[in-house]
Amino acid sequence: MRNNCCISSSDSSEVTLNKCVNKSMKRLEKPDAELVKEEQIESLSEKLENMNVNDQAMSNSKNIDSSQRKVPDGGKRSRSRKKKAKEAKITEGVATGSNETQIQKKRVRYRLRTPKKKVDSKGYPDYITEEEVTQGLLDGSLVKGIIRINQRNSRDAYVSSMIKGDTDYCIKSILDQNRALEGDEVILRIKSEAEWDEGRKTAVVVYISKMIHSRTSVGKLYPITRNDNFAAFFPRDKRFPVVHIPSISWPKTFKSDPQKSSKNLFVAKITEWTNIEHAKGLIIENIGISGDLKVENLAILKGCGLDHESFGNEVLKYLPKMDNLQADWLEGREDLRTECIFSIDPLTARDLDDAVSCKTLPDGNLEIGVHIADVSHFLEEGTELDKQVGWKATTIYMVDHVYHMLPVELCMGCSLLPAKDKLSFSVFWTMTPDGEILTTRFAKTIMNSCVQLAYEHAQAIIDDPDNFDASSFPKITNGYSIADVKDVVLKLYNISKILRRRRFENGALRIDQIKLSFNLDPETGLPIDYFTHELKEANWLIEEFMLLANISVAEKIMDSFPDISFLRLHEAPKESMMKELKAGLESVGIHVDTSSAMSIQSSLKKYSSDDFLGKIRGAVLNHLFAKPMVRARYFCPGIEKAATSYGHFALNIPLYTHFTSPIRRYADIMVHRLLTASLGLSKKPMWDPAFVGDVAQRCNILKYNAKKAQEESTKLYLGLFITKRGPFIRNAAVVDVKERTFDALVLDSGEIVRIYTNEIEGARFKLEEIPCLDLNTSKNASGYQKKNWQMRLSYPPLKNLPGTEVVIELFSLVQVELTMCPKKRRILAKLLRPIS
């Protein structure tokens, strides 16, 4: 039986996912709070279905629907259609004075997702059956992948090709996307070669195998002209459709005063989607008035599908009393409370996942320890608390606030705070003084940190071991002195240098991108200034031992439980994009080797340096090489048995996992449970590969969404800072040149801004194609070749300035004036005329 082209409120990513895997002993369960929310939505959906709404009459009325203003494929809108288009308006109040409100007609053409093809009744085509999907994937007539939709132009979407060296499959219309949303796993049918786009393979979605997207979005609600039954929800995310909201789901005052409600931000959920012009759905939350800082932060969290709610009393009852360690907790643990163990973290850190130790053995070798908070001891698997923590999956770091994955009580109870007995999970290595690993072992331990160091303290010791300011250090306990701590720091630093050097000699790759932090006004919460993170030797010290711990644990759990291990995979970058990048760089005289992680690292090192121009080259190259990289992900090898490699491309190692941050990542808790069982300290978890795969997928989605929320939060506060400062002029380096635009990297903030040629003031521009020196380098498997461009800007002489010509190409240095556009919620850039 074919799918009925309707997405109901009872559908979910988990339900769809269940169709794609065999029934297993254990499934990823939603917490009770999520189930209650779904029941409420289902109840409203049933009411919606019972409403006797004449959809045909609605579509014939003059409303917000764009059905009366279709654009014929390849042609321009006729004059009569332009006239009709003017009727497609909504009313929005705009304050023009203290007590005066002007009703402004707002057109919504840019919001609507109209098809390029005619489809009967404006409906989407039916999905194919599951049997057809299975057969098509077997015979190669269909392909599977994750859909990515262009944020700037929602008509364009892409799915990565499984053919080595080939470009992404292009999906060139809303119709061909067939209701798939960002991140969904989709089944594609490749179109005939005659329909390809300049050599790039085009495709159409014929089935959604995993509905990853939540079908919710943040936006505003407006009345529809001459329609009392539905209002129109316009999402902030242009990749999401316009949603018609029935009156049963309107805010209480919306009908009498829609102008007031139009200032608010809402969360809407799709319950039905059969029409290309719009979906139907429900308002599930009123966030608050747009423009308010707290509301905007909350809107980011909601828009990214993140659970920021605190834990209720109904789940906190599962927390053990952690004031004092119980005697039975210590059974089978090594007692390290008299050892010199301490943490090194950011200055303001409160969640201390890890600590380190190092001591010299009688034979002259070193015993180095990494000690991780033993969260899994306190978080009993299968409880409602465990379900909620697993559902959150990650701690969320916004500019103004940290939303913990764990209850605060559990965070503080597990955090390796100084002068307190704490349960830990330790990895020990016996090493020679030159960093050769002789033995590795794992143990459940109890420890007592003697001091909480910041990176700045460790760096002071590294920079000047004999003359650092010891008075600035925190109190050291457990009978140890500053000299003892210094000795351990220097031993660890010397070993970390060897490990780091050896890691890069063996082919590791590191791509650094600018990361911002803000100082906020304690009263208003507004940004006072911002600064970038600078990594130094103290950061690398900790990084090396955390990496080593993760690698060691990955090998252990894979050896013990190859079918249900929880690992982290980083696949090789997209070969087609690497070829395009290589060709683009060669067009401006930069010759790079992209054949391996080691060769990419060598190329980055070759063209980067500490002088001004070297820093510009380094920043641009790091940005460019980050784009073709495939996102690292958690996975279960029991599911991906056919994979050719489980390795980590950037680290250039065969196995990797996450073990060192269980306070902020649920993935690490899964790994802790596996490691405990591998040591014989608990039974093998009653998991099967499907369950582990479910959890891995959930962790992947939430990790990415949390990262996206953090980036959007940073952009929000950077925009507020720019607005506060007024004219904000900064240096930027060009990272991409297109036919009508070019993108530039703002050097001190990392922001990517777009300059449109028709907005460049006082200059004429000429576009020139840069010929490719090596045609074989830039072509992919399908023969597609990306064009590389440069612009020549000609400025006429002015009274105090001579005429000048500027070439805009990769690495060009320009000056831009930044402003914040509140309506688009985007930082805009204006290109400034060069002075010389």
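Helix α8, residues 293-303, is mostly covered, with eight of its eleven residues buried. The buried set consists of L293, V295, E296, N297, A299, I300, L301 and K302. The model described here is a predicted one. Cover for the buried residues of α8 is drawn from several elements, including the strands β8 (216-223), β11 (264-272) and β12 (279-289). Also included are β17 (396-397), β18 (402-403) and the helix α20.

Over the whole protein, 21 helices and 33 strands are assigned. Of the 836 residues, 52% are buried. Among contacts with a separation of 6 or more, 68% are made by residues 24 or more positions apart. The accessible surface amounts to about 39800 Å², and carbon and sulfur atoms hold 49% of that area.

Helix α20, which contributes to the cover of α8, runs through residues 689-725 and contains K703. With a relative accessible area of 29%, K703 is partly exposed, because that value falls between the limits of 20% for buried and 50% for exposed. The C-alpha atoms of K703 and T394 are 6.3 Å apart, although 309 residues separate the two in sequence. T394 is also one of the contacts of K703 once neighbours within four places in sequence are left aside; the others are R568, Y634 and R665.

Helix α14 takes in residues 482-505. The 24 residues of α14 should span 34 Å at 1.5 Å a residue, and the end C-alpha atoms are 34 Å apart, so the expected and computed spans agree. Burial in α14 involves V485, V488, V489, L492, Y493, I495, S496, I498, L499, R500 and R503. In an α-helix there are 3.6 residues a turn, so residues three or four places apart point the same way. The buried residues of α14 pack against four strands and two helices: β15 (354-360), β16 (366-373), β19 (421-431), β21 (452-454), α13 (455-463) and α15 (537-560). Just after α14, G507 adopts a positive phi of about 110 degrees.

A similar check of length was made for helix α16, residues 575-586. The twelve residues of α16 reach 16 Å from the first C-alpha to the last, close to the 16 Å expected at 1.5 Å a residue. Buried positions in α16 are S576, M578, E580, L581, A583, G584, L585 and E586.

Positive phi values also occur in residues other than glycine. R179 has phi near 75 degrees and is placed in the loop between α6 (174-177) and β6 (185-190). The relative accessible area of R179 is 1%, so this residue is buried. F811 likewise has a positive phi, of about 80 degrees, without being a glycine. The loop that holds F811 lies between β31 (804-808) and β32 (813-821). F811 counts as buried at 16% relative accessibility, because the cut-off for burial is under 20%.

A further loop position, E339, is found between β13 (334-335) and β14 (343-345). E339 counts as partly exposed, at 25% relative accessibility. From E339 to C358 the C-alpha distance is 9.3 Å, with the two residues 19 apart in sequence. When neighbours within four places in sequence are set aside, E339 is in contact with K359, N448 and Y480.

The second largest pocket encloses about 500 Å³ of space. Its lining comprises 20 residues, of which S376, H377, K444, T676 and S682 are the closest to the centre of the pocket. At least two lining residues each come from α10 (375-378) and α19 (666-678). The largest share, three residues, is supplied by α10. By class, eight residues of the lining are charged, seven are nonpolar and five are polar.

Terms used:
Residues numbered from 1 in each chain as written. Predicted model: local features only at pLDDT ≥ 70, side-chain atom pairs only at ≥ 80, totals over all residues. Heavy atoms only, no water. Expected span 1.5 Å × (residues − 1). Buried < 20%, exposed > 50% of the residue type's maximum accessible area, 1.4 Å probe, protein only. Contact = heavy atoms within 4.5 Å. Areas by Shrake-Rupley, 256 points an atom, 1.4 Å probe, with all protein chains shown as cover. 1 Å grid on protein atoms, 1.4 Å probe; cavity = no way out; pocket = protein on both sides within 12 Å on 5 of 7 lines; lining within 4 Å. Points joined across faces, edges and corners; volume = space filled by probe spheres on them. Nonpolar A, V, L, I, M, F, W, Y, C, P; charged D, E, K, R; others polar.
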